[in-house]
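Let's take a walk through a protein together, one stop at a time. Have the sequence and the 3D view open, and turn the picture around as you read.

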Amino acid sequence: MAVACPSCGNARSFQVKTLQMHVIQVDDSRVNIAEENRPAVFEVLCDECEAAVPFDEFDESTRREILLTLGAR
Ligand SMILES: [Zn+2]
């Protein structure tokens, strides 16, 4: 991996936070999902020290692999 935590140097374990939008319809007491988008990466933190790691500093193939693994965009 071409990126490491700027604070502690960890290059293996990261926390990736994603955001996902759901459109729901409430009908009486039933809730249906009308629309969902794919999750988007919101924030990446080092899993060791929780420093922010800029996602756009990961090399492109790693970034693509992460998005693919998470089903994100
Ligand atoms: Zn760290």
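**A walk through the fold**

Leu-68 has 9 other C-beta atoms within 10 Å of its own, and that is why it counts as exposed. Keep in mind as you look around that this is a predicted model. Our starting residue, Leu-68, sits in helix H1, which covers residues 60-70. Pick out Asp-47 as well: it is 21 residues away from Leu-68 along the chain, and the two C-alpha atoms are separated by 20 Å.

Now zoom out for a moment. How many helices and strands does the protein have? There is one helix, and there are four strands. If you read along the sequence, the order is β-β-β-β-α. The radius of gyration is 16 Å, well over the 11 Å that the globule rule gives for 73 residues, so the protein is more spread out than a compact globule. You can picture this with a box: along the principal axes, the C-alpha atoms fill roughly 50 × 25 × 15 Å. What share of the residues counts as buried? Of the 73 residues, it's 5%. As for who touches whom, take the contacts between residues at least 6 apart in sequence: 60% of them join residues at least 24 apart.

Next stop: strands E2 and E3. E2 runs over residues 22-27, and it pairs with E3 in the antiparallel sense over six bridges. To see one of these pairings up close, find Val-23, whose bridge partner in E3 is Glu-35. As you trace the strands, remember a handy general point: in a regular strand, the side chains alternate between the two faces of the sheet. How well covered is this pair of strands? E2 is hardly covered, with zero buried residues among its six. E3, at residues 30-36, is hardly covered either, and the count of buried residues among its seven is zero.

Let's look at the turn that links them. The hairpin of E2 and E3 has two residues between the strands, and Asp-28 is found in that loop. Here's something to notice about the backbone: most residues other than glycine have a negative phi. What is phi for Asp-28? It is near 50°, a positive value in a residue other than glycine. Is Asp-28 buried or exposed? With 5 C-beta neighbours inside 10 Å, it counts as exposed.

Asp-28 has company in its positive phi. Move on to Glu-50, in the loop between strand E4 (40-46) and H1. Phi of Glu-50 is near 65°, again a positive value in a residue other than glycine. Glu-50 counts as exposed because it has 12 C-beta neighbours inside 10 Å, and a residue is still exposed at 12 or fewer.

Now for a stop with many neighbours. Cys-46 belongs to strand E4. Is Cys-46 buried or exposed? It has 21 C-beta neighbours inside 10 Å, so it counts as buried; the cut-off for that is 20 or more. Which residues does Cys-46 touch, leaving out those up to four places away in sequence? They are Cys-5, Ser-7, Cys-8, Asn-10, Phe-14, Ala-51 and Val-53. Ala-4 is worth finding too: it is 42 residues from Cys-46 in sequence, yet their C-alpha atoms are 8.5 Å apart in space.

Stay in the loop between E4 and H1, where you'll also find Phe-55. This residue has 17 C-beta neighbours inside 10 Å, so it counts as partly exposed. Setting aside residues up to four places away in sequence, Phe-55 touches Val-41, Val-44 and Arg-63. For a distance across the model, try Phe-55 and Glu-36: they are 19 residues apart along the chain, with 23 Å between their C-alpha atoms.

Our last stop is Gly-71, in the segment after helix H1. Because it has 10 C-beta neighbours inside 10 Å, Gly-71 counts as exposed. Which residues does Gly-71 touch, not counting those up to four places away in sequence? The answer is Arg-38 and Pro-39. Finally, find Ala-40: Gly-71 and Ala-40 are 31 residues apart in sequence, and 9.0 Å apart in space from C-alpha to C-alpha.

Note on methods:
Residues are numbered from 1 along each chain as its sequence is written. This is a predicted model: local features need pLDDT of at least 70, side-chain atom pairs count only at pLDDT 80 or more; totals for chains, interfaces and linings use all residues. Two strands pair if DSSP finds at least two bridges between them. Two residues are in contact if their C-beta atoms, placed from the backbone, lie within 7 Å. The radius of gyration is taken over C-alpha atoms; the globule rule is 2.2 Å times the number of residues to the power 0.38.
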